[in-house]
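Me: I would like a close look at a single part of this structure. Please go through it step by step, in plain terms.

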Amino acid sequence: MKEGSKATPLNLCPYCTAAFDTFEELKTHVVSVHKTEPLPKPAGWIALTVNGQVHELKVEPEWTLYQVIHDRLGLMGVKMFCDRGACGSCTVIMDGRPILACMSLAIECDGKHIQTAEGIAEAKHPLVESYIKHHTMQCGYCTPGFITTAKALLDRNPDPTVEEVMEALGGNLCRCGTYPQHPKAVLEAAQTLREEGSK
Amino acid sequence: MRTFAHFNARTVDEVVSILRRYGERAHVIAGGTDLLGKMKDELLPKYPEALVNIKSIPGLEYIREDHGTLQIGALTRLEDIAADPLVRGKYNALAEATRRAASPHLREMGTLGGNICQDIRCWYYRHPDNRFPCLRKGGGRCYAMNGENRYHSIFGANVEQGCYAVHPSDTAPALIALNAKVKTSRRTLAVEDLFEVRVGKTTVLDSDEIVTAFEVPTPAKATKSSFVKFALRKTIDFPIVNCAAMIASEGGRVTAARVCLNAVYVKPYRATKAEEFMAGQPINEANAEAAGDAVVSDAKPLQHNGYMVQIAKVMVKRAILACRSEAPPAQT
Ligand SMILES: Cc1cc2nc3c(=O)[nH]c(=O)nc-3n(C[C@H](O)[C@H](O)[C@H](O)COP(=O)(O)OP(=O)(O)OC[C@H]3O[C@@H](n4cnc5c(N)ncnc54)[C@H](O)[C@@H]3O)c2cc1C
Ligand code: SF4
Ligand code: FES
Ligand code: FES
């Protein structure tokens, strides 16, 4: 997919059309001159909370959530195999749901809370260790998508069966064929989580 | 993707007025799982000028029982329907159809409205960059009729158009078997009457009309419903053939049956011959088999899809058998 223009967007005040170089300056202007807060977002501006951090940015209508998270925010854990919704490697958790960043328009994600593989690793989730322990990757390209999907499953269902794990991971493809290892890694992480919880 | 104008609509009226302004040049976007793939591949002769997001409309995502009906908002995600205890309890065909559609991620994103309004998957039609400007795109011929047609219609083409592309939805046959209605921004009609094969269209919806809800009558006590699907992989894959049934019985005999196949014809295909055959009969292997035979007796397969006839027959049989009162849940 082609990307839209990379020029820094002009930040126009919605009340008096004064222009500013950065969104922060525009905000300061609106609060001090027009005495209003919060600032109504100009068209195309979205706020995303990614791994707990708020990002405000201007997006073009055709930018996917993948493009924003990977290309703009630089979070490389979200991967792309197919760009058509058929492989799960671009999975992120949005408001609790494992969804495909390649099939979501960023402009429709204003106000959403998103978790990526980076956030899962930073939070020291046991999935990461158990994935390493069980050699759940060969090339590793699909792995963040699997882990993110598995995290969404464990958030909802802390004690899944093998079948439930396999069903939840059914939309994630692995070209290297690591499939048999995933249920083992996920079940062990689930057990670790339950033990940590009961301490 | 090339750019387009984008609107986050707040109300159904707003959607209608934007669609009216753009005519055929705008599309609504719900989960986007079908539409965005089409746009990335530059599939259509005319790239949309505008998208109207309907996920931003509050109150179109719900599942509730109301006066002997199940009401489901058009934006309700397939995954939420599949997991809903109410749906799983009394509307098994719909619960199974939503559970078996696409992949877990796509079910978290895909809506019931979008699933019913999704476009065909004929691989000539879907080839990137409008490589095959076929009949269904307003072009001169069908490439599948004498080409690779192993996933195409076994019950003939649409008469005026000569198009053999099957309808790919998993939820459509379930809603039709359950005798559901669809509510749009301007009318209510039977789901069965929603589908229409036209250039660039799969439904009778006008260019400024959207689906807002579904209404499923609560089945009577001695009624069971089922959904079975045959696909190459258990998840992600579209159905090669699927089938839903709803059967009411009394004293061990069928009093009323509704059976619907999909992915075998240009629209969901009511298996009326199976329904007629089962009337007054007990549900057993022999009868279910004969009902399947009756349905495919007038199949007209193309060069490469003869195998689908056998699958359709077995899907009808299994869907019927799964409606036995003592039936274990169907395993396909
Ligand atoms: C890899 C892959 C596998 C799939 N497998 C299956 C499968 O096995 N079974 C199956 O049934 N489907 C399958 N799908 C198809 C489909 O994307 C999903 O099932 C989903 O339900 C579509 O819903 P959506 O909300 O994402 O639709 P969108 O993409 O948002 O919309 C689809 C179409 O419907 C229109 N539309 C959406 N909502 C409305 C409305 N309320 N009123 C009027 N028009 C509307 C849109 O304009 C668009 O043309 C698959 C898709 C992919 C990418
Ligand atoms: S079957 Fe329909 S969609 Fe496919 S090539 Fe023929 S006319 Fe086009
Ligand atoms: S890259 Fe998003 S599903 Fe394959
Ligand atoms: S480890 Fe290589 S694709 Fe999965």
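Me: Take strand β3 of chain B: which residues lie on each of its sides, and are they buried or exposed? Then add how helices α5(A) and α7(A) pack.

Reply: This is a predicted model. Strand β3 of chain B runs over residues 50–53. In a regular strand, side chains point alternately to one face of the sheet and the other. In β3(B), one side carries Ala50(B) and Val52(B), while Leu51(B) and Asn53(B) are on the other. These four residues are all buried, and both faces of the strand are thus covered.

β3(B) also has strand partners. Strand β1 of chain B, residues 5–8, pairs with β3(B) in the parallel sense over four bridges. In β1(B) and β3(B), Asn8(B) stands opposite Asn53(B). Strand β2 of chain B, residues 26–29, likewise pairs with β3(B) in the parallel sense, over four bridges. Here Val28(B) is opposite Val52(B), one of the buried residues named above.

Now the helices in chain A. Helix α5(A) covers residues 143–156 and helix α7(A) residues 181–198; their axes are 11 Å apart and the packing angle is about 45 degrees. That angle lies between 35 and 65 degrees, so the two helices count as oblique to each other. Their crossing is right-handed. From α5(A), Phe146(A), Ala150(A) and Leu154(A) make the contact; on α7(A) they meet His182(A), Val186(A), Ala189(A), Ala190(A) and Leu193(A). Of the residues in this contact, seven are nonpolar, one is polar and none is charged.

Terms used
Residues are numbered from 1 along each chain as its sequence is written. Chains are lettered from A and ligands numbered from 1 in the order in which they are written. This is a predicted model: local features need pLDDT of at least 70, side-chain atom pairs count only at pLDDT 80 or more; totals for chains, interfaces and linings use all residues. Side-chain values use heavy atoms; hydrogens and water are left out. Axes are lines fitted to C-alpha atoms, for helices over the stretch in contact, and angles run from 0 to 180 degrees between N-to-C directions. Angles under 35 degrees count as roughly parallel, over 145 as roughly antiparallel, 65 to 115 as roughly perpendicular and the rest as oblique. A crossing is left-handed if the near helix is turned anticlockwise from the far one by less than a right angle, and right-handed if clockwise. Contact means heavy atoms within 4.5 Å. Ala, Val, Leu, Ile, Met, Phe, Trp, Tyr, Cys and Pro count as nonpolar, Asp, Glu, Lys and Arg as charged, and the others, Gly among them, as polar. Buried means under 20% relative accessible area, exposed over 50%, partly exposed in between (1.4 Å probe, protein chains only). Two strands pair if DSSP finds at least two bridges between them.
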